[in-house]
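Reader: I would like to learn how to read the packing of helices and the less usual backbone features in a model such as this one. Could we go through it slowly, one feature after another?

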Number of protein chains: 2
Amino acid sequence: MRTISWDSETPAVRLIDQRLLPEKLEIISLRTVDEVAAAIRQMAIRGAPAIGAAAAYGYALAGQLSLATTVEALLDDLESAAVTLRASRPTAVNLAWALDRLQGVAQAARKHGPEAVRERLIEEAQRLADEDVEINQRMGCNGAALINDGDTLIHHCNTGALATVDYGTALGVIRTAHEQGKRVHVLVDETRPRLQGARLTAWELETYGIPYEIITDNAAGHFLRSGQIAAVLVGADRVAANGDVANKIGTYMLALAAGDNDVPFYCVAPTSTIDLNLPSGKQIPIEERDPSEVLELTRRGKPIAPSSSKARNPAFDITPHHLVTAIVTEVGVLYPPYTETLTRAVHEAQRK
Amino acid sequence: MRTISWDSETPAVRLIDQRLLPEKLEIISLRTVDEVAAAIRQMAIRGAPAIGAAAAYGYALAGQLSLATTVEALLDDLESAAVTLRASRPTAVNLAWALDRLQGVAQAARKHGPEAVRERLIEEAQRLADEDVEINQRMGCNGAALINDGDTLIHHCNTGALATVDYGTALGVIRTAHEQGKRVHVLVDETRPRLQGARLTAWELETYGIPYEIITDNAAGHFLRSGQIAAVLVGADRVAANGDVANKIGTYMLALAAGDNDVPFYCVAPTSTIDLNLPSGKQIPIEERDPSEVLELTRRGKPIAPSSSKARNPAFDITPHHLVTAIVTEVGVLYPPYTETLTRAVHEAQRK
């Protein structure tokens, strides 16, 4: 089952509401652009590749819902949808990347009239989603070569099928290694505040039959010092041109602990996550989410702190490139100097 | 109000049940050694200096409860109490330190008969508790010299009045700086799995009127990279002879992030926490607690992970001495080389 798909009859964007997992697997149907943007903002769907696909489907949905009879009016409606979707979350570049791609398709098809634009947008959103699955499988193969039989791995946040259209990035690498018959064991960072590790990654690993244990984010350093960890795997929300990685809050300290113990730290991300326009991580916008995510345990509604407490809640951090051993992409495993290898990889992916 | 005190009438050890904070401030009365040991094990009382005092009071209570009419029989009962108390938690050395001290007093008083032993034990437990408060205030003064007006500080776990008999270690330093009129702002690590930061430290800071914001443990690295943090302050459960620090899980990664950003990392601990018998952190036993603390959010009883999930739950980690900028004790601020300065500090404290 895909995390996100297109319902041509309604029409609607259908997706798994990840806020309800692991207790409940529920598919929700989003019939307006505002609903899609709200689902991204409220993290019913999350994960850089998945929100890229959501933005693409949301944009195609805008085409279907537009009452415009001229191309110009349709493009105006699409532009307004793009503004709404683009503002839903700031850090993952895949969202902007997907919208740029669909806007390009709309422009290219404009000479064929509004119906052709509408049709081409659905096709392109579907193609983008299909490609995401293929790309994940290719990353899985490329990355699995780095995993050995018997490895214990640390994984942060959720980077599986739920974070993508299907299969996964960092978790996709672990799945491929497992499917190749390598025995792997995963220590799953619970990933506060929203517990994507304890809720979503644990649920996926359970489904795939891959052995795992949940740990608090605090405990990763202890296990890295123990000498029992073969590698750390994470995804990415945006990779700057120099290899600095924006990823779920906590990634930076995890990378420091891996580095301090000579444990390889792998970032697994499609080339769509690479932003060559930003020279370094300093320019990546870091979303700060609602303090209630920290003060009330996610989805439980019960306060854990004094009622007058305030909180800060940055959702991502920047891991400097020198802490990243390699970046696994669909076109290969990239090593430093990233300023060269990332540019080459993006160009190679664009040629395909 | 003291975290722990002696009730001579019942007799009993009275303490704040920290599992119920911040919702409820409740004092419980422990009337047997088993109850005291259970309170330590289940973390109704926690924090290295506080469990040292609890063990001392528990040992004195054993003297009161013993029906022995000879010194030999009394010492046998006390020995059995010491075994029970010593086994309650393994990492903090203050527990063993307090029991050693009271056992020494019992031996010294044996020639005066069982009643004298019983009385001397209560006096000594009281003295140990009184000294703890004095020592904390001295550490507060010594450490406050390191804090400047306007500083934003990161603090891990709870090291305040609740972690000691009264006043606090690392939080005691912050209190003293605040009382000296320095404006400080504290980013409070929530401290998973048991949330001592979000529950206990936030509650104390609220009481003292010190401004603070709660952050997830994951977010500390992001703020340290921002250049806005003046220092990180933590307590300790045991300090080895070379300066390696055993402290609440997550301390090691926090120290790495402080070091990576040239932010001073201060450990605040009385000399009773220094264990010169252990050459390095490698020999410090690390308690692994029940997986339910990770899988069910503390005291909420609601699972956050799939019901079949397993977890690992080390309660402490080791921060290597080279990441510790200074160790603040009651006899002064110690700097490397710790093998020399720690030994000197312990001897100086013993002479007093």
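Author: Let us begin with a pair of helices in chain B, keeping in mind that this is a predicted model. Two packed helices are described by the angle between their axes and the distance between those axes. Here helix 2 (residues 48–65) of chain B packs against helix 4 (residues 94–109) of chain B at an angle of about 30°, and their axes are 7 Å apart.

Reader: How is that pair described, as roughly parallel or roughly antiparallel?

Author: Angles under 35 degrees count as roughly parallel, and helix 2 and helix 4 of chain B are therefore roughly parallel to each other. Their crossing is right-handed. On the side of helix 2 of chain B, the contact is made by residues including Ala48(B), Ile51(B), Gly52(B) and Tyr59(B), and helix 4 of chain B contributes, among others, Asn94(B), Leu99(B) and Gln103(B). The residues of this contact divide into twelve nonpolar, three polar and no charged.

Reader: Which residues of helix 6 of chain A are buried?

Author: Burial is judged from relative accessible area, with under 20% counting as buried. Helix 6 (residues 170–179) of chain A is mostly covered, since eight of its ten residues are buried, and these are Ala170(A), Leu171(A), Gly172(A), Val173(A), Ile174(A), Arg175(A), Thr176(A) and Ala177(A). Among the elements that cover them are helix 5 (114–144), strand 5 (185–189) and helix 7 (196–208) of chain A. Just after helix 6 of chain A, Gly181(A) takes a positive phi of about 90°.

Reader: Which residues other than glycine have a positive phi in chain B?

Author: Two cases can be given, and each is read together with its place in the chain. Met43(B), which is not a glycine, has a positive phi of about 65°, and it lies in the loop between helix 1 (33–41) and helix 2 of chain B. At 3% relative accessibility, Met43(B) counts as buried. Tyr167(B) has a positive phi near 85° and is found in the loop between strand 4 (152–155) and helix 6 (170–179) of chain B; at 7% relative accessibility, Tyr167(B) also counts as buried.

Reader: What does the side chain of Ser88(A) reach?

Author: The side chain of Ser88(A) reaches the backbone oxygen of Leu85(A) at 2.6 Å. Ser88(A) lies in the loop between helix 3 (71–86) and helix 4 (94–109) of chain A, and at 4% relative accessibility it counts as buried. Leaving aside residues up to four places away in sequence, Ser88(A) touches Ala37(A), Ile40(A), Arg41(A) and Leu95(A).

Note on methods:
Residues numbered from 1 in each chain as written. Chains lettered and ligands numbered in written order. Predicted model: local features only at pLDDT ≥ 70, side-chain atom pairs only at ≥ 80, totals over all residues. Heavy atoms only, no water. Axes fitted to C-alpha atoms, helices over the stretch in contact; angles between N-to-C directions. Helix = DSSP H or I, 4+ residues; strand = E, 2+ residues; numbered from the N terminus. Parallel < 35°, antiparallel > 145°, perpendicular 65-115°, else oblique. Left-handed = near helix turned anticlockwise from the far one by under 90°. Contact = heavy atoms within 4.5 Å. Nonpolar A, V, L, I, M, F, W, Y, C, P; charged D, E, K, R; others polar. Buried < 20%, exposed > 50% of the residue type's maximum accessible area, 1.4 Å probe, protein only. Polar contact = N/O pair within 3.5 Å; in protein donor to acceptor, adjacent residues only side chain to side chain.
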